[in-house]
Amino acid sequence: MKLHNADKTCWNCPAIDLAGKVDFRACGQSAEKFEKRVSEDSDIYIMAECHRRPELGLFDPISITFEQCPEWQATPYGYMLQNMRVMILGMDGYLGWTLTLWLGSLGCEVSGIDNYSRRDWVMERGSHTIVPIARMTERLHAAKEVLGLDINFRRMDIMDRARLRGFVEEVKPEAIVHYAENPSPAYSMIDAEHAIEVQRNNVLGTLGLLFIIRDTVPETSLLKLGTMGEYGTPLTGRPLFEGMFPADAVLHWDGREWSMGGELTPRDPVSFYHVSKVQDTFNIYEACKYWWLRSYDIMQGVIYGVHTDQVSADPRLRTRLDIDECFGTVINRFVAQAVIGFPLTIYGAGEQIRAFIALEDAMQCMTRLICSPPEPGQYAVVNQMSGYYSIGELAETVAKIGRKYFDLPVKIQRVENPRVEADRHPFEPIYEKLPKEFGFEPRVSPEEAVYRMFELLTRPEIKERIEQKKHLILPQTWWSGIKKRVETIEVFEEAEASEEPVIVEQPVLE
Amino acid sequence: MDVARRFPKNNSRLVIVGLDGMPYRLIKNLAEKGTMPNMKRLIEEGVFRQMESSIPEVSSVAWSSIITGTNPGVHGIFGFTDLAPGTYRMTFPNFNSLKAKPFWERESSRRSVIINVPNTYPARSLNGVLIAGFVALDLEKATYPRSLVPQLESMDYRVDVDSQRAQESLSFFLKDLDRTLEARISAYRYLWHEEDWTTFMLVFTGVDRLAHFLWDAYEDESHKYHWAFLSHLHRIDEVLGEIMQGMEDDDSIILLSDHGFELLEKEVYINVALREEGFLSFDREPPASLKEIGNSTKAFALDPARIYVNLKGRYPRGCVKPEDREAVIRDLESAFSALVVDGRKVIRRAYRKGEIFEGPFSPQAPDLVLLANEGFNLRASIKAAQLWGKDIRTGKHSQPDAFLLVKGDGDKGIVPKKPRVFDVVDIMDKLQRRRPI
């Protein structure tokens with residue numbers, strides 16, 4: 001079968017220096033180096049030089065496909081540059097560490113930075129990762145020992161632009177994955193200091209990064225983590241397109257109509273954290289427009305899970321798992337709650353619908369995107385999710401698996417909703433690009449991922465770590481600014497659990 | 001210590017000044033009119049001839065022929081574009097693709113300063129200094145030694161004007177042209193004095209750009225930019241005066257162009273003609289590149305009018321059997337000899353490979369190269385929809401009307417009666433050989 005990126009050409013390849021535009025009719029070349037466009041005019045040529053195959057000289061960048069180029073090798077996720085240099089910003093985090101090992105195992109030369117701020121933020125909230133993780137030095141040592149990986153890590157703050165620039169210049173990454181942001185809506189709503197810290201780190205960190213890319217590696221592709229939460233949940237029920245309106249979207253008004261195709265869709269962020277992600281979107285969109293940078297803005301659904309083959313290979317390679325109100329995502333929190341007999345905390349009516357993706361599937365998506373870089377100047381958005389569910393439904397799913405396979409008496413409770421969000425709303429996300437253009441097929445069902453989490457979290461040493469932070473499960477950060485722990489509205493006993501959740505009878509495990 | 005310094009005055013100095021695209025007829029006219037008084041003096045004192053360019057008459061081929069003294073079959077440059085062997089992949093041959101040695105690499109005892117010769121990018125080491133001419137994408141790679149780059153940057157040196165600007169505004173383009181020329185003059189002055197050279201070659205490429213966009217301004221005295229056209233050439237003439245003043249008695253000078261210019265009336269698209277005559281098809285309309293060539297294609301063209309038979313075994317989708325090649329070429333010749341636009345014959349002559357190319361790289365040469373009648377500019381163009389068109393360019397290259405001017409000591413007989421671009425190196429050799437040691 002043809003791989004999804006077989007027909008992409010050097011035009012998309014980060015190993016190419018697009019050297020300039022030449023119009024031989026006038027024997028002239030363009031002085032502007034970043035004037036990069038595949039010309040509609042066959043007499044105006046874009047010239048490319050390949051860093052990896054200098055013997056090709058100057059050539060037309062659309063004339064060699066990934067399939068034809070020996071530097072691009074077939075992998076399960078598409079053709080991938082051999083020893084592709086990928087830099088991961090935020091390498092120590094939940095996703096960053098997982099992706100480091102994942103890509104390293106695929107043969108990428110992985111480099112990365114982190115200033116351990118996630119560890120600090122979680123500690124500041126009085127919590128800890130319930131899956132114990134090793135110090136970075138030990139992680140790197142174990143990655144070498146267990147998986148044979150040489151990871152080029154530097155302790156560094158993304159805001160330290162001089163050092164980051166030096167590191168990028170040294171490594172010359174062919175893709176940069178940007179996970180170095182604060183991922184917490186609740187954290188950004190604690191008070192002014194926290195809101196400012198989140199926006200400073202996220203918005204200014206990303207903005208500085210864009211300048212560094214412009215000046216040092218303009219051909220690299222930037223994979224920036226956004227969130228489905230940027231779109232909000234518009235009560236009109238209009239579909240949540242992938243960043244831009246599709247070509248046939250039309251605006252009608254006052255008896256007239258306009259095509260909306262290609263325009264950014266409205267964003268409706270629901271916390272100051274989400275606002276920071278929206279601001280990033282615009283900054284990246286502009287940078288691609290001004291400087292011909294290339295980027296995927298990845299609107300990721302709510303992530304969950306603990307497993308990939310690499311992180312499960314050794315206790316020292318585990319990635320973190322948080323369960324506090326700021327840094328724990330909903331399914332991860334539910335499973336931890338179920339393990340210690342804490343009724344699963346549904347906010348408000350529990351009918352909020354969110355998009356989700358399992359950790360392993362997210363890694364697959366990221367790899368596919370890295371393998372198929374955008375073209376110069378292209379800002380593209382993907383909605384990275386494998387399905388969408390109501391929070392209530394998910395609680396039922398977790399409860400059922402906990403009861404059935406782990407013999408846990410799981411209860412579900414409704415608590416006050418500290419957030420300002422619609423409890424009941426329409427939700428129609430469009431998530432076609434990853435499956436259609438990048439060959440993504442979800443491999444992990446929620447049931448399977450939840451099952452795996454129970455397996456890990458029911459271990460006594462981990463259960464003990466959950467118990468230690470039980471007091472942090474109920475949220476106390478209100479969007480309104482009040483400081484108080486939310487109160488329980490009602491608790492459902494097992495028998496009262498509403499309808500049977502739709503669930504696979506026997507989770508299919510590898 | 002420089003090699004050259006160990007052999008002082010073993011031969012006198014040679015200056016070569018190139019004017020890219022400068023027609024013989026234009027020089028003659030401007031010398032007579034008084035716009036180029038120094039040129040007039042040189043014409044009077046030296047040997048001034050019309051010179052034939054290469055075929056095709058494009059800068060990369062012509063200059064490669066000039067600096068190596070060889071035919072494209074020997075130096076391997078057949079156009080601005082070429083196809084990687086066995087593919088339809090477009091490549092852009094540069095200095096690394098040049099198979100013959102330029103004159104400055106043949107005799108390393110002479111210290112050379114080479115400024116702005118087209119198709120010498122990326123620069124490589126020599127006894128002397130080289131700043132490549134267009135197409136040069138990065139000044140660092142265009143300059144040998146690289147230590148010269150900061151100096152050039154401080155002069156705001158640029159290899160080329162941005163010809164896209166002409167599309168936006170001709171007056172903006174003219175300003176850019178002037179700035180580029182002044183920076184080039186600064187660079188030449190600096191190297192003229194700083195370097196202990198024995199060969200100094202300087203090419204002005206702005207003439208070609210000027211002529212592409214403003215040939216009509218030259219022909220029409222009432223044109224808004226007529227004066228601007230003349231003043232650019234007048235400025236170059238001033239530099240010639242300066243150069244002559246800086247020369248010593250036994251120094252020689254060669255002035256030349258790589259091709260001439262004439263008025264462009266219509267662009268004719270050769271691939272469209274090939275499609276209309278059934279030689280060429282594409283899988284997709286309009287095609288993104290030659291790779292989408294149809295399986296039944298018998299011939300296709302690369303710029304400006306190089307025609308290749310789509311031979312089986314040579315190209316991935318080749319369908320013409322070697323034994324049928326001759327018949328296809330005959331069909332092409334008769335099709336193009338009959339090609340008429342607006343009642344006028346477009347093609348002056350179709351040259352077969354064997355007529356114009358000789359040397360080890362001839363097998364890579366086009367099977368047929370077309371030369372146009374006056375006024376017609378030939379383009380390959382795979383995307384054009386019509387047989388002919390016209391954009392803002394008003395000047396086109398002319399093959400027979402380059403010029404050569406030699407002023408040295410001694411016999412005028414070293415310049416052939418009808419010189420061609422391939423003869424220049426031989427003339428240089430003769431000029432230098434007759435020097436007393």
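Domain bounds, as used here, come from an automatic or database domain assignment. On that basis, chain A of this predicted model is divided into domain 1, covering residues 10-72, and domain 2, which is assembled from the segments 83-320, 356-388 and 423-457. The C-alpha centres of domain 1 of chain A and domain 2 of chain A are 30 Å apart. The contact between these two domains draws 10 residues from domain 1 of chain A and 13 residues from domain 2 of chain A. On the side of domain 1 of chain A that touches domain 2 of chain A, seven residues are nonpolar, one is polar and two are charged.

As regards overall architecture, chain A contains 13 helices and 21 strands. The radius of gyration of chain A is 23 Å, close to the 24 Å that the globule rule gives for 510 residues, so chain A is as compact as a globular protein of that length. Taken along the principal axes, the C-alpha atoms of chain A fill a box of roughly 80 × 70 × 50 Å. Buried residues account for 54% of the 510 residues of chain A, and, among the contacts in chain A with a separation of 6 or more, 80% involve residues 24 or more positions apart.

For chain B, the secondary structure amounts to 16 helices and 21 strands. Its radius of gyration is 22 Å, close to the 22 Å that the globule rule gives for 437 residues, so chain B is likewise as compact as a globular protein of that length. The box filled by the C-alpha atoms of chain B, again along the principal axes, is roughly 65 × 50 × 45 Å. Of the 437 residues in chain B, 53% are buried, while 68% of the contacts in chain B between residues at least 6 apart in sequence join residues at least 24 apart.

The contact between the two chains takes 32 residues from chain B and 26 residues from chain A. On the side of chain B that touches chain A, strand 4 (90-92) and helix 11 (206-219) of chain B each supply at least two residues, and the largest share, four residues, comes from helix 11 of chain B. By class, this side of chain B comprises 11 nonpolar, 10 polar and 11 charged residues. Strand pairing also crosses between the chains, in that strand 4 of chain A (residues 58-59) and strand 4 of chain B pair in the antiparallel sense over two bridges, with Phe92(B) as the bridge partner of Leu58(A).

In soluble globular proteins, nonpolar side chains tend to be buried together. In the present model, the largest nonpolar core has 277 residues, and those with the most contacts inside it are Val335(A), Val398(A) and Leu370(B). The contacts of Val398(A), leaving aside residues up to four places away in sequence, are with Ile331(A), Phe334(A), Val335(A), Ala338(A), Leu344(A) and Val450(A). A second, separate core of 13 residues includes Trp121(A), Ile190(A), Phe272(A) and Phe327(A).

Helix 8 of chain A, at residues 330-339, is mostly covered, with 10 of its 10 residues buried; among them are Ile331(A), Phe334(A), Val335(A) and Ala338(A), together with Asn332(A), Arg333(A) and Gln337(A). The elements covering the buried residues of helix 8 of chain A include strand 15 (302-304), strand 16 (344-347), helix 10 (391-406), helix 12 (446-457) and helix 13 (460-468) of chain A. After helix 8 of chain A comes Gly341(A), which has a positive phi near 75 degrees.

In chain B, strand 5 (residues 112-117) is also mostly covered, six of its six residues being buried. Strand 5 of chain B pairs in the parallel sense with strand 6 of chain B (residues 128-132) over five bridges, and within this pairing Ile115(B) stands opposite Ile131(B). Strand 5 of chain B further runs parallel to strand 8 of chain B (residues 199-204), to which four bridges join it; here Ser112(B) has Thr199(B) as its bridge partner.

A loop position in chain A was also examined. Leu106(A) lies between helix 1 (94-105) and strand 8 (109-114) of chain A, and this residue counts as partly exposed because it has 18 C-beta neighbours inside 10 Å, whereas a buried residue would need 20 or more. Residues up to four places away in sequence not being counted, Leu106(A) touches Thr75(A), Met80(A) and Thr367(A). The C-alpha atoms of Leu106(A) and Pro76(A), which are 30 residues apart along the chain, are separated by 9.5 Å.

How values were computed:
Residues numbered from 1 in each chain as written. Chains lettered and ligands numbered in written order. Buried ≥ 20, exposed ≤ 12 C-beta atoms within 10 Å, placed from the backbone. Contact = placed C-beta atoms within 7 Å. Nonpolar A, V, L, I, M, F, W, Y, C, P; charged D, E, K, R; others polar. Pairing = 2+ DSSP bridges. Core = buried A, V, L, I, M, F, W, Y, C linked by C-beta atoms within 7 Å. Rg over C-alpha atoms; globule rule 2.2 N^0.38 Å.
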